[in-house]
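Here are some friendly exercises to work through at your own pace. Try each task before you read its solution.

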Amino acid sequence: MKRKSFASIAAILVAGSVMFTSCVQKNYYSVQPDPNNNNNTGGQYFFDEEFNGSDNYGWSFTDPADSAYASISGGSYQYVDYSAVKSNMSFVTTGANVQNNFTVITRVKSNKLIGLIFGASATSNGYAFYIDTAGSYSLYQEGNSVNASIPIIPSTQDTLYAHRNDWNTVELDQSNGVWTAYINGTQVFTMAARALAGPGFGYKILPGTTGYADYLTVRNN
């Protein structure tokens, strides 16, 4: 598990080839993953964190220097950052193969903005698929201890499918060199996949944010 603090996300656009669409709908979100069913059978890896009971992966921490803490309680992961200027990030290293096809799904909510981290490693903070309380989403390359976050998709309103001030299910699929993102089962963008540094998955929150995660699943397809 890794926790780092970074400056607040810049509000600048970096040009890229991104297609925004909402024509694809997935319908399997009513089925919850099996608790703590993490394995690699039949050549298909599957990681499932339900945030029930014991903290088996080291998600919990207290960081007085950054005014942040996280814990598993009441069947969810609570992540709090009281800092006025710094963001906070937490992820665990899974056994997923992020060079091949994979899917990551989580259900989150916050009082400001929370991001799903994917492709992180000891030297890279990967990428973050964010959603905020207004129903807007964005995608950032999260840099590392030296390089700042870079926006790939700026904050984009999704009033039709994202729930405001409530739980949202977000998903990122990597398939045949393409990233496709979903909110509550509906596709919101697709783009050419970028190289990922490692199999780290987790969360990032902004300063002054309290965020929650209900579950996190990662599987190689």
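**Exercise 1. Find how much area the chain exposes and what share of it carbon and sulfur atoms supply.**

Step 1: The chain exposes about 9,500 Å² (Shrake-Rupley method with a 1.4 Å probe; for residues, only the protein chains shown count as cover). Step 2: Carbon and sulfur atoms supply 49% of that area.

Before going on, note that this is a predicted model, where local features need pLDDT of at least 70, side-chain atom pairs count only at pLDDT 80 or more, and totals for chains, interfaces and linings use all residues. Residues are numbered from 1 along each chain as its sequence is written, and side-chain values use heavy atoms, with hydrogens and water left out.

**Exercise 2. Describe the chain by its helices and strands, then by its burial.**

Step 1: Count the DSSP runs, numbered from the N terminus (helices: H or I, at least four residues; strands: E, at least two). The chain has 18 strands and zero helices. Step 2: Turn to burial, where buried means under 20% relative accessible area, exposed over 50%, and partly exposed in between (1.4 Å probe, protein chains only). Of the 221 residues, 53% count as buried.

**Exercise 3. Locate the salt bridges and say which parts of the chain they join.**

Step 1: Look for a side-chain nitrogen of Lys or Arg within 4 Å of a carboxyl oxygen of Asp or Glu. The structure holds two such salt bridges.

Step 2: One is formed by R107 and D214, whose closest N and O atoms are 3.2 Å apart. This pair links distant parts of the chain, as R107 is in strand β9 (residues 102–110) and D214 in strand β18 (residues 209–220), 107 residues apart. R107 is partly exposed at 26% relative accessible area, whereas D214 is buried at 17%.

Step 3: E142 and K204 also meet through their side chains in a salt bridge, 2.5 Å from N to O. E142 lies in the loop between β12 and β13 (150–157) and K204 in strand β17 (residues 200–205), so the pair ties together parts 62 residues apart in sequence. E142 is buried, at 0% relative accessible area, and K204 is buried too, at 1%.

**Exercise 4. Is S138 buried or exposed, and which residues does S138 touch?**

Step 1: S138 is in strand β12 (residues 136–141). Step 2: Its relative accessibility is 7%, so S138 counts as buried. Step 3: Leaving out residues up to four places away in sequence, S138 touches A128, F129, Y130, I153, P154 and S155 (contact means heavy atoms within 4.5 Å).
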